[in-house]
Amino acid sequence: MSAADELLDIVDEDDRVVGQSPRGEAYARGLRHRCVFVLARDGDGRVFVHRRTPTKLVFPSLYDMFVGGVVGAGESYDDAALREAEEELGVRGLPRPEPLFKFLYDDGAGRTWWSSVYQVRCDLPVNPQAEEVAWHAFVPEDEVERRLSQWEWVPDGLDAYRRLKEYRRSTH
């Protein structure tokens with residue numbers, strides 16, 4: 001089964017399931033679905049940053065400071081966060097990611113999804129999937145901040161990162 005055939009729950013503005021659709025159709029028709037964003041840090045507190053491969057269905061070849069992806073039909077956000085983090089980092093036995101907050105991403109151009117943001121510590125050696133990740137490194141957060149204006153980032157990840165910084169300010 002290709003990624004475009006993966007079945008997703010379609011949700012309303014209150015994140016209630018209103019139907020299901022194959023991923024490719026959900027993207028093509030701008031149907032609201034669910035995604036997870038996991039900020040992965042190593043033991044030194046550095047953030048896992050990667051560049052997506054040019055073959056990705058959405059935002060090919062752009063940089064991202066989150067691992068994650070779509071929530072499958074019938075799957076919980078928490079289960080999707082662990083599955084996606086392990087898949088994208090290429091590890092097994094990761095601790096369950098800690099949920100932080102949810103928001104509705106909407107770019108105003110037909111891309112909209114409920115987004116649940118998590119964090120996790122990854123002390124395991126990473127081995128990302130070559131078909132998903134073209135480049136990766138654990139990067140100090142001050143370098144991530146410097147690179148925000150230098151690299152082309154996935155827009156939903158940038159929005160999630162901005163909201164994460166606001167969340168940290170409001171909870172500390």
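Buried means under 20% relative accessible area, exposed means over 50%, and partly exposed lies in between (1.4 Å probe, protein chains only). This is a predicted model, in which local features need pLDDT of at least 70, side-chain atom pairs count only at pLDDT 80 or more, and totals for chains, interfaces and linings use all residues. Residues are numbered from 1 along each chain as its sequence is written, and side-chain values use heavy atoms, with hydrogens and water left out.

**Exercise 1. Classify glutamate 84, then place it.**

Step 1. Find the element. Glutamate 84 sits in helix 2. Helices (H or I, at least four residues) and strands (E, at least two) are DSSP runs, numbered from the N terminus.

Step 2. Apply the cut-off. Glutamate 84 has 7% relative accessibility, so it counts as buried.

Step 3. List its partners. Contact means heavy atoms within 4.5 Å. With neighbours within four places in sequence set aside, glutamate 84 touches Val36, Gly68, Gly69 and Val70.

**Exercise 2. Check the length of helix 2, and describe its packing.**

Step 1. Take the rule. The expected span of a helix is 1.5 Å times one less than its number of residues.

Step 2. Apply it. Helix 2 covers residues 77-89, which is 13 residues, so it should span 18 Å. Its end C-alpha atoms are 18 Å apart, which agrees.

Step 3. Pick out the buried residues. They include Tyr77, Leu82 and Leu89. Glu84, Glu86 and Glu88 are also among them.

Step 4. See what they pack against. The partners of these buried residues include strand 3 (33-41), strand 4 (47-52) and strand 6 (67-70). Strand 7 (98-106), strand 8 (112-121) and strand 9 (133-139) are also among the partners.

Step 5. Look past the end. Glycine 90 follows helix 2, and its phi is positive, near 70°.

**Exercise 3. Find residues other than glycine with a positive phi.**

Step 1. Recall the usual case. Most residues other than glycine have a negative phi.

Step 2. Take aspartate 15. Its phi is positive, about 65°, although it is not a glycine. Aspartate 15 lies in the loop between strand 1 (7-11) and strand 2 (17-22). Its relative accessible area is 9%, so aspartate 15 is buried.

Step 3. Take serine 61. Its phi is near 65°, again positive in a residue other than glycine. Serine 61 lies in the loop between strand 4 and strand 5 (63-64). At 22% relative accessibility, serine 61 counts as partly exposed.

**Exercise 4. Locate proline 140.**

Step 1. Proline 140 is in the loop between strand 9 and helix 3 (141-147).

Step 2. Its relative accessibility is 35%, so proline 140 counts as partly exposed.

Step 3. Compare chain and space. Proline 140 and aspartate 44 are 96 residues apart along the chain, and their C-alpha atoms are separated by 8.6 Å.

**Exercise 5. Describe the whole fold.**

Step 1. Count the elements. The protein has four helices and nine strands. From the N terminus on, they run β-β-α-β-β-β-β-α-β-β-β-α-α.

Step 2. Test the size. The radius of gyration is taken over C-alpha atoms, and the globule rule is 2.2 Å times the number of residues to the power 0.38. For 172 residues, a compact globule would have a value near 16 Å; the protein has 15 Å, which agrees.

Step 3. Add the burial. Buried residues make up 48% of the 172 residues.

Step 4. Check the contacts. Among those between residues at least 6 apart in sequence, 62% join residues at least 24 apart.
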